[in-house]
Amino acid sequence: MVFLILISHLLSSCDKKSAKTNSAEKELRFPNQNELLTKAYLPDKGPRDAAIEVILRRTDAAADEGWDSEVVSDAAHQRLEELLDPEASLPEILVQPLRPSDLQESYTDELLSVWRSGKGTSSTKLPLSQALTSLRAIYPSGTEDKLKLKTYNITPSKSPEGMFNTKIIYFASGKTAHGTAQQNARWHCSWRSGNPPELLGIKLIDYEEILPKQGGGLNFDDVTASVFKEAPSFQDQLMLGIDHWRSRLQGDFGIDVNGLQGISLGDANGDGLDDIYVCQQGGLPNKLYVRNLNGTLKDVSAESGVDWMELTRAVLFVDLDNDGDQDLALAQGWYWMLMENNGAGIFTKRTETKAPSNLHSLAAADYDLDGDLDLYFCGRNPARELNNSEGILGQPIPYHDANNGGANLLIRNDGNWHFSDATVECGLDVNNTRYSYACSWADFDLDGDSDLYVANDFGRNNLYLNRNGKFIDVAGSQGVEDMSAGMSITWGDYNNDGRPDPYISNMFSSAGNRITYQRKFRSGIEQEIEAFRRHARGNSLFANIGSGFTDVSENAAVTMARWAWGAKFVDLNNDGWEDIYVANGFITTEDTGDL
């Protein structure tokens, strides 16, 4: 899943001979950076173990032969960040207007308006300082509050020698008189190599800005502190972060750097108010917070009997016995557990069963239409006895199309708290070991039963068609295999045509977008180059057209959601159209270089 590291391992086994390229491409070379620039990317940290040194050199562009493009990209990116500092001394160069003068309103409601450029290009040139001042003019302070750049493409110029180009994604946001405004743009930057590289020009590829209206904006307020003010455990445990607990708890309790724990909302005590169950890492108790009438939450984990300290990845409030209250289903590492609710929020364990894989998520549906809810569990890594050195990521082979992960489970509800493993019987053992992260049920063919989509981290995704309780994987024939780092799946009717459409959370990788277009990367793997490029593209939205699905991700502008872990269709502004909310991010601790 760490894209650049895994790619570097793959490259080490590739044929070092150049792939066939056209004559024009053969002439293109990235500028060689001088010794000082190269040393800047190879800090001297003393002698290291030989095996570790091999790994580190593969992940260091300056040390890995043939990857001058990444060294140049890093240097140019750093230089652009420096130039965008409001206090920076700017070079006297001319660039295109970075905020176009021909903006047209493309969307508006009572909350906000979206403006985009009509042409996208302009023959006008401005001094860089003037272009940046104009770009930031929408903020009363004269500068943005947040700025993020991503370099997603680098190419050497055909001439003259020593020139190169980068493509940049620009994100900025800041306060206005009526709320927070946001700017999204893509730039084409031209450079001359040097230490640092010299910016020669910027051309605008596209631009949009989102402006809040007076009294508008989506107006979301962070109420976490006030909601949890009567629950000390929230501050004492949940707010301390993984790094805090990793330094205090034994690793074999089940705590790791990823922190892949889920939550579920449901009415635990039958008072008509939604409560929250929070999964925790091994060695920390799971939490049940019930909602008070004043909107605050109270920790009732211990008295409810649900404060398990085993590693728990996922939980679901679900009525498993049809008695009208919300029971609990939990994915606890190598086990799945079911708990019965007495109706007042007191839970009793009814079953705890060993799983063949490390379970990460679950979803419920009445797949066989017998009147009770069944469960599907996603297993990511295989059982310990099959893979004792799995690590955080596992050992996917090959990483972009793996089928050596842990098995998923279909657990059939037979009534009276009797449950059976129906995975093989129902045909769900096919393509079932692809490092699954998430699943979701939906009747995509509108025939009255629940079908199943499974998002896989290292293998292509599954779409299981339900035929009278038996399943067939039709992801390939339906066009939704989506070979990428699948982390979540949500269904929604995004175009209001009455058919459910799937949106899959993957990874947008700026590094992956850069390196998969380099000649060094293509060496020896020409056959699979499109699969690797697809892997780095980002999230996917597929339109359900009845006879199959069509990929509308790029046209709908929903691929770039950073390193996405989860998404949800939800109508945020009550206009009758389903919007998409995406949760994203990854480890943000400083890299010390000490493995």
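Two exercises on the strands of this predicted model follow, each with a worked solution.

In this predicted model, local features need pLDDT of at least 70, side-chain atom pairs count only at pLDDT 80 or more, and totals for chains, interfaces and linings use all residues. Residues are numbered from 1 along each chain as its sequence is written, and side-chain values use heavy atoms, with hydrogens and water left out.

**Exercise 1.** Determine which strands pair with β16 and how many of its residues are buried.

Step 1. Strands are DSSP runs (E, at least two residues), numbered from the N terminus; two of them pair if DSSP finds at least two bridges between them.

Step 2. Strand β15 (residues 347–365) pairs with β16 in the antiparallel sense over 7 bridges. Here Ala 363 has Tyr 376 of β16 as its bridge partner.

Step 3. Strand β17 (residues 409–415) is joined to β16 by 3 bridges, also in the antiparallel sense. In this pairing, Phe 377 lies opposite Leu 409 of β17.

Step 4. Buried means under 20% relative accessible area (1.4 Å probe, protein chains only). In β16 (residues 374–382), 9 of the 9 residues are buried, so the strand is largely enclosed by the rest of the structure.

**Exercise 2.** Establish the strand order of the open sheet of 4 strands and identify its edges.

Step 1. The order is β19-β20-β21-β22, with antiparallel pairing.

Step 2. β19 (436–442) and β22 (470–473) each have a single partner strand, so one side of each is left without a neighbour in the sheet.

Step 3. From one strand to the next, the twist averages 25°, with axes as lines fitted to C-alpha atoms and angles running from 0 to 180 degrees between N-to-C directions.

Step 4. β19 and β20 (residues 451–456) share 6 antiparallel bridges, and Ser 436 faces Asn 456 of β20.

Technical notes: Buried < 20%, exposed > 50% of the residue type's maximum accessible area, 1.4 Å probe, protein only.
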